[in-house]
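Student: Could you take me through the salt bridges of this chain, one by one?

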Amino acid sequence: MGKTIRFGVSLDSDLLDRFDRVCEEKSYQTRSEAIRDLIRNMLVQREWEEAKGELAGTLSLVYDHHHSGLTQKLLEIQHEVHDVILSTLHVHLDHHNCLEVLVLKGPADKIKTLGQKLISSKGVKHGQLGLTTTGQDLL
Ligand code: NI
């Protein structure tokens, strides 16, 4: 961990006012903590873009389990890459709809491919891959 550096930022006062309001709404104690989070988000975003190394994330899927063959297909896709799926949660939302949440950790390309395969499966109504970092390279 490096030493703490102070630096000045020049910006429009209206922009700063808006930033301060959001910081207050989000319960940040100081601007510095909010800016540190923004920088971390940018670095995580960069990690996804570079798609190298190990990532962690969650994938949520909403689908109708009555859709022909869908449940079986989703299971088969998951078993092909079982090593990157740490946990799954299945909730029966109503008579038709299921919500499935997968917790993932592994090589970025493998996680992204899995997300694309599941989300694009016919009958999946909504899917969202939320990538984050394993945290090992962030301070
Ligand atoms: Ni279900």
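Tutor: Happily; here is a close look at the charged pairs and where they sit. This is a predicted model, in which local features need pLDDT of at least 70 and side-chain atom pairs count only at pLDDT 80 or more, while totals for chains, interfaces and linings use all residues. Residues are numbered from 1 along each chain as its sequence is written, and side-chain values use heavy atoms, with hydrogens and water left out.

Taking a salt bridge as a side-chain nitrogen of Lys or Arg within 4 Å of a carboxyl oxygen of Asp or Glu, the count comes to 6. Let's begin in helix α2 (residues 31-50), helices being DSSP runs of H or I with at least four residues, numbered from the N terminus. There, E33 pairs with R36 at 2.9 Å, N to O; the two are 3 residues apart, which puts about one helical turn between them. D37 and R40 form another bridge, at 2.8 Å, N to O, and they too are 3 residues apart in α2, about one helical turn.

How accessible are these side chains? Buried means under 20% relative accessible area, exposed over 50%, and partly exposed in between (1.4 Å probe, protein chains only). E33 is partly exposed at 27%, as is R36 at 39%. D37, at 25%, is partly exposed, and so is R40 at 24%.

Elsewhere, E80 meets K117 at 3.5 Å, N to O. E80 belongs to helix α3 (residues 70-80) and K117 to helix α4 (residues 108-119), so this pair ties together parts 37 residues apart in sequence. E80 is exposed at 54%, whereas K117 is partly exposed at 41%. Back in the earlier group, shared partners join E33, R36, D37 and R40 into one salt-bridge network.

Key: pLDDT = per-residue confidence, 0-100.
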